[in-house]
Amino acid sequence: MSVKLIRNAYEAALTMAAVLLCWGAALALEGTAGLHTDVLVLAVALTLTLASAQRTADTRRRLISLVLLPATVAASIFVGRLLASHYAAGAAVYTAGMALAIWIRRYGPAATKAGTLIALPLVALLVVPGPALPARAQNGLVTWGWSALIGLLACCSVWLVQGLADRYGPWRGSPAPDPPPRRSRLHPRPSTRMALQMAAAVATAFVLGRFLFDHHWPWAVLTAYVAASGNRGRTDVLRKGIERLAGACVGTLLATATATAAAGVTGHTSVALMFAVLAVALWLRPLNYAYWAAGMTTALSLLLGYFGQDAASLLPTRLAAIAVGAVLSVASAWWLLPVPKRRAAARRHQDEAGRAVA
């Protein structure tokens, strides 16, 4: 266990190094170009998700990411704008994009990796504080061009840090061989079943999230995605839903205690506190997903407080939204074309990519 904790700490340090590198570059860009603070949140969210997904990537896959991720990040900005102006249309496009990212797995490992890069910015879109921010904080949100540049910075930061670690560090992230192609006899195919399950859970989360939680709907949608991503069967989805809810409950208590202890703490000190919480959550995440859920709940609560929201008063709403999203993903996996455990074709890096921002 001690060796595992040391290895976890090493991997968490690499991820945080990439996050801080990209955040620093985005901070300089924000000051130079006069951008809004959300570019910093986008930089952190993208780097967190990409670091886990790219840890064992080879050079070819990283080059593909350099091209594909900035493009998909730019496209996600249009989806965000559509959600803000025409919620129903934006929700439909978002749901279709998430389902597509899973459905194309049927075309092999290369398509699976491309699907991961499609999903990453859509997940980050739920973390970047757009609709959930106060009205005065929504002016001047990042444009598609700047967001594409942030995506490029995230790719370069992750590649640089992980490349140096593989060359000089004690552990290497050796590329895992692609699994041999195997045609499933299950009809519809597992990828189609999981895509339909994801679409049903996410679409319903959009409807209930807006109806029950108003502009805090992203919490329900994000949970529905996280619990259903990397679907290894009904039991797996149920376990992840319970872990996320349990972690969020613990995170609620931590966030309340942290907000009380950090009353009056603003500016760089507040940002440093958020990064410290993320680092600890990254370190403990491989032990149990509930640790990551607790850490992210705390960090996001601090982030909302940084942008002027009363995070403590919103925590019950957040918990309720997480519970709704978890129930929807579990119900979809259990009763809509369930995937037998032995035939679940999930890829580990896709599961990690979804978990990284949840």
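These are my notebook entries on a predicted model of one chain.

**Entry: overall layout**

I started with the secondary structure. The chain has 13 helices and zero strands. Reading from the N terminus, I get α-α-α-α-α-α-α-α-α-α-α-α-α. Next I looked up burial: of the 358 residues, 54% are buried. I also checked how contacts spread along the sequence. Taking contacts between residues at least 6 apart, 82% join residues at least 24 apart. For the outside, the exposed area of the chain comes to about 15,600 Å². Carbon and sulfur atoms supply 67% of that area.

**Entry: salt bridges**

How many salt bridges does the structure hold? I find three. Side chains of opposite charge can pair when their charged atoms come close. I went through the pairs one by one.

Glu11 and Arg7 pair up, with 3.0 Å between the closest N and O atoms. Both sit in helix α1, which covers residues 2-33. They are four residues apart, about one turn of the helix. Arg7 has a relative accessible area of 27%, so I log it as partly exposed.

Glu11 also has a salt bridge to Arg55, and there the closest N and O atoms are 2.7 Å apart. What does this pair tie together? Glu11 is in helix α1, whereas Arg55 is in the loop between α2 (38-53) and α3 (59-85), so the bridge ties together parts 44 residues apart in sequence. Arg55 has a relative accessibility of 10%; the cut-off for buried is under 20%, so Arg55 counts as buried.

Arg55 has another partner, Asp166, at 3.1 Å from N to O. Asp166 belongs to helix α6, residues 144-168, and the two residues are 111 apart, so I note this as a link between distant parts of the chain. Asp166 is buried, as is Arg55.

Putting the pairs together, I get a network of salt bridges that links Arg7, Glu11, Arg55 and Asp166.

**Entry: helix α5**

I wanted to check the length of α5, residues 109-127. It has 19 residues, and at 1.5 Å a residue it should span 27 Å. The C-alpha atoms at its ends are 27 Å apart, which agrees. Is α5 enclosed or exposed? Of its 19 residues, 14 are buried, so the rest of the structure largely encloses this helix.

**Entry: Ser76**

Ser76 sits in helix α3. Its relative accessible area is just 4%, so it goes down as buried. Which residues does Ser76 touch, leaving out those up to four places away in sequence? I list Pro121, Leu122 and Leu125.

**Entry: Thr95**

I then moved to helix α4, residues 87-103, where Thr95 is found. Thr95 is buried because its relative accessible area is 9%, and the cut-off is under 20%. A polar atom of the Thr95 side chain lies 2.8 Å from the backbone oxygen of Ala91. Not counting neighbours within four places in sequence, I find Thr95 in contact with Ala199, Val202, Ala203 and Phe206.

**Entry: Tyr107**

Tyr107 is in the loop between α4 and α5. Is Tyr107 buried or exposed? I have it at 57% relative accessible area, so it is exposed; the cut-off is over 50%. I also looked up its spacing to Ser191: the two are 84 residues apart along the chain, and their C-alpha atoms are separated by 9.8 Å.

**Entry: nonpolar surface patch**

Last, I looked for nonpolar side chains on the surface. Leu21, Leu160, Leu164 and Tyr168 form a patch there. Together they have about 420 Å² of accessible area. Which helix gives the largest share of the patch? That is α6, with three residues. Leu164 is in helix α6. Its relative accessible area is 45%, so I put Leu164 down as partly exposed.

**Entry: loose ends**

Helix α6 came up twice in my lookups: Asp166 of the salt-bridge network is in it, and so is Leu164 of the nonpolar patch. The loop between α2 and α3 holds Arg55, which pairs with Glu11 and with Asp166.

Definitions and conventions
Residues numbered from 1 in each chain as written. Predicted model: local features only at pLDDT ≥ 70, side-chain atom pairs only at ≥ 80, totals over all residues. Heavy atoms only, no water. Salt bridge = Lys/Arg side-chain N within 4 Å of Asp/Glu carboxyl O. Buried < 20%, exposed > 50% of the residue type's maximum accessible area, 1.4 Å probe, protein only. Expected span 1.5 Å × (residues − 1). Contact = heavy atoms within 4.5 Å. Areas by Shrake-Rupley, 256 points an atom, 1.4 Å probe, with all protein chains shown as cover. Polar contact = N/O pair within 3.5 Å; in protein donor to acceptor, adjacent residues only side chain to side chain. Patch = residues over 30% accessible without salt bridge, like charges linked within 9 Å, V, L, I, M, F, W, Y side chains within 5 Å.
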